[in-house]
Every structure is written in C-alpha cells, then in structure tokens.
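Work through the following exercises with the sequence and the 3D structure open beside you. Try each task before you read its solution.

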Amino acid sequence: MALARESHEHRRMSYRGFALRLEGDCTEAEACGVVDRVLRTPGERIADVLERPAGRGRAFVKAEFRRPDQPLRKRVRPGRAVAEGRGYRLFLAAGLPVPRLLLFGEQPRVLPRACSLIATSFLPRRDAYALFAADGDPRWPLAAVATLAAIHDAGFLHGDAALRNFVPGEAAEERAHAIDLPRWAAWSPAGVTRDLAQLLGTTHKHGGDEALRERLLDAYGAASARAADLPDDWRDQARTYAARHLAYLVEALRDRTSIATAAAPAPRVRGKLW
C-alpha cells in the first residue's frame, strides 16, 4: 500500500520499503509501477526505458542494489540514484539543461540488498560521444563544453564530465543536456580541472586531436564567467590532467579487454549496466 504526503517542493511516498520523492507530473501509480518493474528485473545495476502512462512519453530508469558484502562505510552513504536525484533537482532549479526529474529514492540502507532508483524523462537522441565517433564533427564536444561552462557558472561541478554524459539538442542553437550526475558537487577550482580533464581526455580518446583540445579550452574560457576565478595556469593544469585521464582510460580498457578474453561468457540478464 502506498502512503503519500505533500511538501512544498515535491511529494513523498512510501512503497515496498522505498522512501520516494515524486516530481512534476509523476503520479503515485506510475511510481509504484517503476518500483515493481525494478524489483522484478535481475542484476545489481539496471537501466531501462519505460513507456509512461497516459501518453506522457518515455522515462529512463536507473537502479542499483547494494551488495550484502559492501563495507559499512559505503552502506551508510546515500545510494548513487539518490545523490543523482538531488543533483538533478538543484541543476533544474538553476535553469541548467538536464532531463526532467520524475522520481528518486531508496530502501533502508541496512537491508542486505537495499535498492536505490531514479527516473527521468528519456532523451531520444544520441550522446555527444556517439555523435562524435560517428562523424568527427567538433560541434558535439563544443556543445558539451558550453554546457559544462554553464554548470560551473551556476556553482556546480558535473563530477563525471565524460563526452558520453552530454546529449546535444536537435537544433544547433539548443544546449546539450547533462546526464549521469551521481558525482555532482559544489564548484571548486580543483573540481573544474577534473571536469575539464575528463571532457578533454575522453574527446581525445575518441578521435580528438590537440587542435580540438585547444579549441575546447578557448571555448570554455570564452563561455565561463568563472574562468576568471581559476588559477592563471588553469589551461596547463587541464592539459596535464587530461593526459593523465587519457592514460587511465587506455589502461582501464586494456585491463577490461584482458579480463574479457580470459573469462567465460557471462549469462545474459535484462537491462544494461549503468
């Protein structure tokens, strides 16, 4: 049975052990349907696209189950989906381009397989990485860096500013949407460097060259009012950390390839990994 109460900013409800926050036009019945779908889907991390009721489009749902052997220090933290929901709420309030938040919440963290989940509006477009890998057009990473500058100017950090976590708009003048925000944080010079390094490093990994890297840095400097608050050598720092991030990505890919070659085929489960 679902129990709900109103608040000034959002609605809360309880269902199957979840403490949920409902946003916008998300109804209690829809929230119950999302929870039921997640709980009957196998896997520790789930990503799914669901049709919303009454023709309201589609929703993108992510969920993560805690492992019974997780250390206590991790179990007491909010789930990734809850952290991401809080980030979306703040980003939306600041007028930043992100998907509409529908609901988020979690079960009690002391449960052996406590689940946290989030649902947003589904963006039916390819992300900047997929677009850039397909045609090499620099407008895709440039759209991403423009949104990253807007995030920083609003006082936030993305936290995982890889090229894949920006979804360009359909029209050229439309801003790219930022997605996947569980690591968002308050603005800091060191955090800006990390965000830029992630965006530059992943762009280079997927075909960008040094000329594009410099173009992205110039675009960021022109778009961000808070670039003036950064150390004088912020560009050099971004270049250095981008090179380190690229080396990390290449090494991680090599390790995953080695493991995949040696391991037996894994059983297929519904849902994509986060």
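**Exercise 1.** Find the glycine that comes just after helix H3 and state the sign of its phi angle; then check the span of the helix, and say which elements cover its buried residues.

*Solution.* Keep in mind throughout that the model is a predicted one.

Step 1. The glycine to look for is Gly95, which follows directly after H3 and has a positive phi of about 75°.

Step 2. Helix H3 runs over residues 80-93 and so has 14 residues, for which a rise of 1.5 Å a residue predicts a span of 20 Å; the C-alpha atoms at its two ends are indeed 20 Å apart, so expectation and model agree.

Step 3. The residues of H3 that are buried are Ala81, Val82, Glu84, Gly85, Gly87, Tyr88 and Phe91. Among the elements that cover these residues are the strands S5 (58-65), S6 (101-106), S7 (115-121), S8 (156-157) and S10 (177-178), together with helix H5 (139-153).

**Exercise 2.** Is Gly85 buried or exposed, and which residues outside its sequence neighbourhood does Gly85 contact?

*Solution.* Step 1. Gly85 is part of helix H3, and its relative accessibility is 0%, which lies under the 20% cut-off, so Gly85 counts as buried.

Step 2. Once the neighbours within four places in sequence are set aside, Gly85 is in contact with Leu101, Phe104 and Ile118.

Step 3. Take Leu101 as one of these partners: 16 residues separate Gly85 from Leu101 in sequence, while their C-alpha atoms are 7.3 Å apart in space.

**Exercise 3.** Describe helix H6, and then work out how H6 and helix H7 cross and which residues make the contact.

*Solution.* Step 1. Helix H6 covers residues 189-205, and the distance from its first C-alpha to its last is 24 Å, close to the 24 Å expected for its 17 residues.

Step 2. Of these 17 residues, 12 are buried, so H6 is largely enclosed by the rest of the structure. The buried residues include Val192, Asp195, Leu196, Gln198 and Leu200. Just after the helix comes Gly207, with a positive phi of about 120°.

Step 3. Two packed helices are described by the distance between their axes and by the angle between them. For H6 and H7 (residues 210-223), the axes come within 10 Å and cross at roughly 145°, and the crossing is right-handed.

Step 4. On the side of H6 the contact is made by Val192, Leu196, Leu200 and Thr203, and on the side of H7 by Leu212, Arg213, Leu216, Leu217 and Tyr220. Sorted by class, this contact has seven nonpolar residues, one polar and one charged.

**Exercise 4.** Which side chain makes a polar contact with the side chain of Lys62, and what is the sign of phi in that partner?

*Solution.* Step 1. Lys62 belongs to strand S5 and has a relative accessibility of 6%, so it counts as buried.

Step 2. The partner is Asp180, whose side chain makes a polar contact with that of Lys62 at 3.0 Å.

Step 3. Asp180 is found in the loop between S10 and strand S11 (185-186), and it too is buried, with a relative accessible area of 14%. Its phi is near 60°, which is a positive value in a residue other than glycine.

Step 4. Set beside it Arg16, in the loop between strands S2 (11-15) and S3 (18-22), where phi is near 50° and therefore also positive in a residue other than glycine. Arg16 has a relative accessibility of 47%, so it counts as partly exposed.

Key:
Residues are numbered from 1 along each chain as its sequence is written. This is a predicted model: local features need pLDDT of at least 70, side-chain atom pairs count only at pLDDT 80 or more; totals for chains, interfaces and linings use all residues. Side-chain values use heavy atoms; hydrogens and water are left out. Helices (H or I, at least four residues) and strands (E, at least two) are DSSP runs, numbered from the N terminus. The expected span of a helix is 1.5 Å times one less than its number of residues. Buried means under 20% relative accessible area, exposed over 50%, partly exposed in between (1.4 Å probe, protein chains only). Contact means heavy atoms within 4.5 Å. Axes are lines fitted to C-alpha atoms, for helices over the stretch in contact, and angles run from 0 to 180 degrees between N-to-C directions. A crossing is left-handed if the near helix is turned anticlockwise from the far one by less than a right angle, and right-handed if clockwise. Ala, Val, Leu, Ile, Met, Phe, Trp, Tyr, Cys and Pro count as nonpolar, Asp, Glu, Lys and Arg as charged, and the others, Gly among them, as polar. A polar contact is a pair of N or O atoms within 3.5 Å; within protein, one must be able to donate a hydrogen and the other to accept it, and residues adjacent in sequence count only if both atoms are side-chain atoms.
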